[in-house]
Amino acid sequence: LDDQGGMGKITHGGRELSCGEHDVEDLHQDLGSGAYGFVKKMQHRETGLVMAVKIIRDNTTDASARKSLLKDLEIIRNSDCRSIVQYYGYNFTEGAIWIFMELMQSSLESMYGNVARAGAQIPEKVLGRIAVSVLDA
């Protein structure tokens, strides 16, 4: 990975595709947020691929912080773990880093909320499988 600006690339279905700000359409659904940025649901215009896009505010000019982020992206890119979302690619834009990822159908947080609202409990066997998946990642 390099940290050159401009047009990014994603890999999906064995194809490498351009993926910059103008190649995706914001579907106006916020999926989450945190201290460093947020995650939105977007669609690749050319392929129709719906994905999660993590947008991290790049407020730092610190070269070591950027190098650390690139190292983390390289690890995710080379991972073939079934327990984490698929990584498609990234793009540096002015003031932000966009990370393109597989869109999950649900999350552990929403599943837990649904179970709690139903007044139920998650079976121990299911919790065990979740724990193993987390440790595998």
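**View 1. Long-range contacts across the whole chain.** In this predicted model, residues 24 or more positions apart account for 46% of the contacts with a separation of 6 or more. The chain has 137 residues, and 28% of them count as buried. Its C-alpha trace spans about 50 × 35 × 30 Å along the principal axes. If you like to trace a fold from start to finish, follow three helices and seven strands in the pattern β-β-β-β-β-α-β-β-α-α.

**View 2. The open sheet, strand by strand.** Here the seven strands line up in the order β2-β1-β6-β7-β5-β4-β3, with antiparallel pairing. Strands β2 (15-18) and β3 (24-33) stand at the edges with a single partner strand each, so one side of each lacks a neighbour in the sheet. On average, and ignoring direction, neighbouring strands are turned by 25 degrees against each other. Helix α1 (residues 63-77) packs on this sheet, where it touches β6 and β7 (96-102). The direction of α1 makes about 160 degrees with that of β6.

**View 3. Strand β1 between its two partners.** Let us zoom in on β1, which covers residues 9-12. On one side, two bridges join β1 to β6 (residues 87-93), and the two strands run antiparallel. Isoleucine 10 stands opposite glycine 89 of β6 in this pairing. Strand β1 is also joined to β2, by four bridges and again in antiparallel fashion. There, threonine 11 has glutamate 16 of β2 opposite it. The hairpin of β1 and β2 has two residues between the strands, and glycine 13 takes a positive phi near 60 degrees in this hairpin.

**View 4. Histidine 28, a backbone angle worth a second look.** Most residues other than glycine have a negative phi. Histidine 28 has a positive value, with phi near 55 degrees. This residue is found in strand β3, one of the strands at the edges of the sheet. Is histidine 28 buried or exposed? Its relative accessibility is 69%, so histidine 28 counts as exposed, the cut-off being over 50%.

**View 5. Histidine 44 and its surroundings.** Now for another histidine, this one in strand β4 (residues 37-44). With a relative accessible area of 1%, histidine 44 is buried. Which residues does histidine 44 contact, leaving aside its neighbours within four places in sequence? They are Ile10, Leu17, Ser18, Cys19, Asp23, Val24, Leu49 and Met51. Among them, Ile10 belongs to the pairing of View 3, where isoleucine 10 stands opposite glycine 89.

**View 6. Two aromatic pairs.** The structure holds two aromatic pairs. A pair of aromatic rings is described by the distance of the centres and the angle of the planes. Take tyrosine 90 and phenylalanine 92: the ring centres lie 5.5 Å apart and the planes meet at 85 degrees, so this pair is edge-to-face. Tyrosine 90 counts as buried at 10% relative accessibility, and phenylalanine 92 does too at 5%. For tryptophan 98 and phenylalanine 100, the centres are 6.3 Å apart and the planes are at 55 degrees. Why is this second pair tilted? Planes over 60 degrees apart would count as edge-to-face and those under 30 as stacked, so 55 degrees gives a tilted pair. Tryptophan 98 is buried, with a relative accessible area of 10%, and phenylalanine 100 is buried at 0%.

**View 7. Leucine 103 in its loop.** Leucine 103 lies in the loop between β7 and α2. With a relative accessible area of 18%, this leucine is buried, as the cut-off is under 20%. Not counting residues up to four places away in sequence, leucine 103 touches Leu31, Lys41, Val50, Met51 and Ala52. Met51 is also a contact of histidine 44. The C-alpha atoms of leucine 103 and threonine 47 are separated by 15 Å, and the two residues are 56 residues apart along the chain.

**View 8. The largest pocket.** This last close-up shows the largest pocket, with a volume of about 1,200 Å³. The pocket is lined by 34 residues, and the closest to its centre are Val85, Met104, Ser106, Ser107 and Leu108. Which elements each supply at least two residues of the lining? They are β3, β4, β5 (50-57), β7, α2 (108-117) and α3 (124-136).

Notes:
Residues numbered from 1 in each chain as written. Predicted model: local features only at pLDDT ≥ 70, side-chain atom pairs only at ≥ 80, totals over all residues. Heavy atoms only, no water. Pairing = 2+ DSSP bridges. Axes fitted to C-alpha atoms, helices over the stretch in contact; angles between N-to-C directions. Contact = heavy atoms within 4.5 Å. Buried < 20%, exposed > 50% of the residue type's maximum accessible area, 1.4 Å probe, protein only. Phe/Tyr/Trp six-rings, centres within 6.5 Å; stacked < 30°, edge-to-face > 60°. 1 Å grid on protein atoms, 1.4 Å probe; cavity = no way out; pocket = protein on both sides within 12 Å on 5 of 7 lines; lining within 4 Å. Points joined across faces, edges and corners; volume = space filled by probe spheres on them.
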